[in-house]
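Biologist: Could you take me through one part of this model up close? I'd like to hear about the second of its pockets by size, and about the parts of the chain around it.

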Amino acid sequence: QPWSVPTGSSSNSNSGWFGANTSDSRVSGWSGASAKFGPISPVEHPVDYSSSSDRSGTVVVVTYGLEVNALQPSDIYSGILVYNVEATY
C-alpha cells in the first residue's frame with residue numbers, strides 16, 4: 001500500500017509505522033512499488049521472485065521505512081529481521 005503518515009490520536013495506537021519495500025517488481029503486489037511499503041509482521045512476505053533459475057545474479061534491494069507521530073512515546077526500540085532464503089523450482 002502507499003506509505004501514509006501515522007494517524008493515531010493516542011499513544012501506542014497507530015502512532016508509528018514500520019514497513020518494507022522491494023525493488024523486485026516480479027513480486028505480486030509490488031508492481032510500480034516506488035512509494036509502496038508492505039507490513040513487517042510474523043507472517044512471511046516475499047521480497048524477491050523468479051519463476052526459473054536466476055543465473056544472471058539479479059540484485060534486489062530491500063528498503064525499510066519508519067515513521068512516528070508526536071504521540072509515540074520516546075524510548076529505545078529494537079527488533080530482529082529474519083530472512084528465509086528458499087529456492088523453489
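Modeller: Sure, I'll start with the pocket, then go through the sheet, and end with the segment that comes before it.

One thing up front: this is a predicted model. The second largest pocket has a volume of about 300 Å³. Its lining is made up of Gly16, Trp17, Phe18, Ile40, Leu66, Val68, Gln72, Tyr77, Ser78, Gly79, Ile80 and Leu81. Two elements give two or more residues each to that lining, namely strand S1 (16-22) and strand S3 (62-68). S1 supplies the largest share, with three residues. If you're thinking about the chemistry of the wall, eight of the lining residues are nonpolar and four are polar. None of them is charged.

Now for the frame behind those strands. The chain has three strands and zero helices, so to speak a plain β-β-β pattern when you read along the sequence. The three strands form an open sheet, in the order S2-S1-S3, and the pairing is antiparallel. Strand S2 (38-39) and S3 are the edge strands, each of them pairing on one side only.

Let's compare the two pairings, since S1 takes part in both. Between S1 and S3 there are seven antiparallel bridges. Between S1 and S2, also antiparallel, there are two bridges. Glycine 19 is a handy residue to click on here. Towards S2, the bridge partner of glycine 19 is proline 39. Towards S3, glycine 19 stands opposite glycine 65.

Next, a stop in the loop between S2 and S3, where you'll find serine 41. With a relative accessibility of 35%, serine 41 counts as partly exposed. What does serine 41 have to do with leucine 81? The two are 40 residues apart in sequence, yet their C-alpha atoms are 9.6 Å apart in space. Leucine 81 also brings you back to the pocket, as one of its lining residues.

Then there's the segment before S1, and proline 6 is a good place to begin, as it sits in that segment. Is proline 6 buried or exposed? Proline 6 has a relative accessible area of 6%, and the cut-off for buried is under 20%, so proline 6 counts as buried. Leaving out residues up to four places away in sequence, proline 6 touches Asn14, Ser15, Gly16, Trp17, Glu67, Val68 and Asn69. Of those contacts, Gly16, Trp17 and Val68 also appear in the pocket lining. The C-alpha atoms of proline 6 and glycine 16 are separated by 5.4 Å, with their positions ten residues apart along the chain.

Threonine 7 lies in that segment before S1 too, but its surroundings read another way. Threonine 7 is exposed, with a relative accessible area of 60%. Its contacts, not counting neighbours within four places in sequence, are Asn14, Trp17 and Asn69. Asparagine 69 is 62 residues away from threonine 7 in sequence, while the C-alpha to C-alpha distance is 7.8 Å.

Two asparagines in the segment before S1 deserve a look at their backbone angles. Most residues other than glycine have a negative phi. Asparagine 12, found in the segment before S1, has a positive phi of about 65°. Asparagine 14, which lies in that segment as well, has a phi near 55°, again a positive value in a residue other than glycine. As for the solvent side, asparagine 12 is exposed at a relative accessible area of 57%, whereas asparagine 14 is partly exposed at 45%. Asparagine 14 is also among the contacts of proline 6 and of threonine 7.

To finish, here are some figures for the whole chain, to set the pocket in context. Buried residues make up 18% of the 89 residues, and proline 6 is one of the buried ones. The chain exposes about 7,000 Å², and carbon and sulfur atoms supply 55% of that area. Among contacts with a separation of 6 or more, 57% join residues 24 or more positions apart. The pair of threonine 7 and asparagine 69 is one case you can check by eye, being in contact and 62 residues apart in sequence.

How values were computed
Residues numbered from 1 in each chain as written. Predicted model: local features only at pLDDT ≥ 70, side-chain atom pairs only at ≥ 80, totals over all residues. Heavy atoms only, no water. 1 Å grid on protein atoms, 1.4 Å probe; cavity = no way out; pocket = protein on both sides within 12 Å on 5 of 7 lines; lining within 4 Å. Points joined across faces, edges and corners; volume = space filled by probe spheres on them. Helix = DSSP H or I, 4+ residues; strand = E, 2+ residues; numbered from the N terminus. Nonpolar A, V, L, I, M, F, W, Y, C, P; charged D, E, K, R; others polar. Buried < 20%, exposed > 50% of the residue type's maximum accessible area, 1.4 Å probe, protein only. Contact = heavy atoms within 4.5 Å. Areas by Shrake-Rupley, 256 points an atom, 1.4 Å probe, with all protein chains shown as cover. Pairing = 2+ DSSP bridges.
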